Amino acid sequence: MSESQALILGCAGRSLTREEVSFFRDEAPWGFILFSRNLSEPEQVRDLVDHLRDCVGRHAPVFIDQEGGRVQRLRPPLAPDYPAAAALGRLFRDSEEDGLRAAWLMARLIAFDLSRYRIDANCLPVLDVPVDGASEAIGERAYDREPKIVAALGRAAAEGLKAGGVLPVMKHIPGHGRATADSHLELPVVTASIGELMKHDFAPFQALNDLPAAMTAHIVYRAVDPANPATMSGKVVDEVIRGEIGFEGLLISDDVSMKALSGDFRAKTAAILAAGVDIVLHCNGVMDEMRAVVSAARPLEGRALVRAATALAWAGKQDDGKENELREEFAQYFEAVA
C-alpha cells in the first residue's frame with residue numbers, strides 16, 4: 001500500500017474516471033470529500049465511496065459538509081432536509097435544555113444519514129460567531145451571536161455525531177464570523193484587536209479545543225499576521241490555534257481552490273503545509289489543479305499522522321440509539337423534511 005499523502009481530495013462526478021482511479025491509486029490521498037455533484041441515488045453514492053477507498057487500498061475517511069440549512073450536500077430523497085444552525089440557537093434562547101437536546105438529536109440523525117452511505121466524517125460544528133456587518137457567508141450557519149451559546153450547541157452537535165460514529169470537524173478555526181467578505185470569492189481581512197478576537201471569535205474554539213479535528217479559516221487577522229491568511233500563517237497556527245486556543249487535534253485547511261488564497265496551487269499547498277497545517281483540502285475535482293497540489297504535497301507522517309489516527313479513533317463506534325424514536329423526538333422541535 002502506498003504511503004498516505006497529507007491530502008483530502010474530491011472527484012469530478014458521480015463515478016470515477018480511469019484517470020481519477022489511476023491518479024488516486026498513485027498519489028494515495030489520506031481522505032476524500034463529496035459534494036452535491038457526486039451524489040444522485042443511494043447505490044451510486046455507496047459505490048462511489050467504496051471505489052474511492054478501493055483506489056487507495058484502505059478505509060480512507062470520506063468527508064462531507066452536512067450542516068443543515070443551505071449547506072447540506074445530501075438532499076431528499078438521499079437524506080432529509082434539516083433546519084439551519086440558527087434555528088437551534090433560537091430554540092436554545094427559549095429553552096437551553098431543548099436547544100441542546102435538539103442540537104444533539106439533529107447531529108445524531110445526520111450521522112444515521114451519513115452511515116447509510118459509509119461516509120464517516122462531517123464538517124460540523126460551525127463555531128463561527130457573526131457580528132453586525134459581517135458577510136452572509138456564515139449567516140444562518142452560525143448557532144448564535146453569543147460565543148457561549150455557540151460553544152454549547154457546537155459541543156452538543158459534536159457529541160451527537162460521535163454517538164453516531166461520525167468524526168466531527170469544527171470550523172472555521174480560529175473564527176470566520178467577523179469576516180466582511182466571502183472567502184470563496186475574495187480574501188477577508190479582520191481588523192479587530194487580539195483582545196476582541198480572543199473574547200468573541202476564538203472563544204468557542206477554545207471551549208471545544210479537545211475536539212479531534214478542525215478546518216482553518218482563509219482570513220487575515222491583522223492583529224496577529226497582517227501578511228498571511230490563517231491557513232497560510234505559521235504565526236496564526238502556532239500562536240493562536242495551537243497556543244491561545246490550545247487545539248492539539250488534526251488541522252485541515254479549508255478548500256485550497258477558494259479565491260481567498262492567491263498564487264498557483266503548488267505554491268499554495270507548500271505554504272499551507274509550511275505554516276503547520278496537517279492536511280491540505282482540495283474540493284472541486286479538477287485534475288490539473290489536483291496534480292499541482294500533489295506536486296507540493298508530503299507524506300502524512302510524524303505528529304500529523306498521530307493526530308490523524310487519533311481523530312479517526314475518536315469516532316467510529318455507534319451507540320444503540322433507535323433511529324425512528326430519535327426522529328420522532330426531533331420532530332417535537334423541528335420538522336426534518338424527507
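**Exercise 1. Are W30 and F63 buried or exposed? Find out, then describe how the two rings sit together.**

Solution. Keep in mind that this is a predicted model.

Step 1: check the burial. Both W30 and F63 are buried.

Step 2: look for ring pairs. Searching the whole structure turns up six aromatic pairs. One of them is formed by W30 and F63, with 6.0 Å from centre to centre and 55° between the planes.

Step 3: name the geometry. Planes under 30 degrees apart would count as stacked and over 60 as edge-to-face, so at 55° the pair of W30 and F63 is tilted.

Step 4: place the partners in the chain. W30 belongs to strand β2 and F63 to strand β3, and the pair links distant parts of the chain, 33 residues apart.

**Exercise 2. Work out what surrounds strand β2 and how the chain gets in and out of that strand.**

Solution. Step 1: count the buried residues. Strand β2 covers residues 29–33, and five of the five are buried, so the strand is largely enclosed by the rest of the structure.

Step 2: go to strand β1, residues 5–9. It runs parallel to β2, and three bridges join the two. For an example, pick Q5: its bridge partner in β2 is P29.

Step 3: trace the connection. From β1 the chain passes through helix α1 (residues 18–27) to reach β2, making a right-handed β-α-β crossover.

Step 4: now try strand β3, residues 62–64. Here too the pairing with β2 is parallel, this time over two bridges. F32 is found opposite V62 of β3.

Step 5: trace this connection as well. Helix α2 (residues 42–56) joins β2 and β3 in a β-α-β unit, which is right-handed.

**Exercise 3. Which residues have the most contacts inside the largest nonpolar core? Pick one and list what it touches.**

Solution. Step 1: find the core. The largest one has 118 residues, and F24 and F63 have the most contacts inside it. Helix α4 (residues 96–116) gives this core its largest share, 11 residues.

Step 2: zoom in on F24. Skip the neighbours within four places in sequence, and its contacts include L9, G10, C11, P29, F32 and M290.

Step 3: check for other rings. F24 is part of one aromatic cluster with F23 and F32.

**Exercise 4. Compare the surroundings of R108 and S115, two residues of helix α4.**

Solution. Step 1: start with R108. Its relative accessibility is 0%, so it counts as buried. Beyond residues up to four places away in sequence, R108 touches G160, L161, A163, G164, Q318, D319 and L326.

Step 2: turn to S115. Its relative accessible area is 27%, so S115 is partly exposed. Leaving out the neighbours within four places in sequence, S115 is in contact with G164, V166 and Q318.

Step 3: compare the lists. G164 and Q318 show up for both R108 and S115.

Step 4: look at the polar contacts of S115. Its side chain reaches the backbone oxygen of A111 at 2.8 Å. The side chains of S115 and Q318 are joined by a polar contact of 3.2 Å.

Step 5: finish with a distance. From S115 to V240 you go 125 residues along the sequence and 34 Å through space, C-alpha to C-alpha.

How values were computed:
Residues are numbered from 1 along each chain as its sequence is written. This is a predicted model: local features need pLDDT of at least 70, side-chain atom pairs count only at pLDDT 80 or more; totals for chains, interfaces and linings use all residues. Side-chain values use heavy atoms; hydrogens and water are left out. Buried means under 20% relative accessible area, exposed over 50%, partly exposed in between (1.4 Å probe, protein chains only). Helices (H or I, at least four residues) and strands (E, at least two) are DSSP runs, numbered from the N terminus. Two strands pair if DSSP finds at least two bridges between them. A crossover is right-handed if, with the strands pointing away from the viewer, the path from the first strand over the helix to the second runs clockwise. A nonpolar core is a set of buried Ala, Val, Leu, Ile, Met, Phe, Trp, Tyr and Cys residues joined through side-chain atoms within 4.5 Å. Contact means heavy atoms within 4.5 Å. A polar contact is a pair of N or O atoms within 3.5 Å; within protein, one must be able to donate a hydrogen and the other to accept it, and residues adjacent in sequence count only if both atoms are side-chain atoms. Rings of Phe, Tyr and Trp (its six-membered ring) pair if their centres lie within 6.5 Å; planes under 30 degrees apart count as stacked, over 60 as edge-to-face and the rest as tilted.
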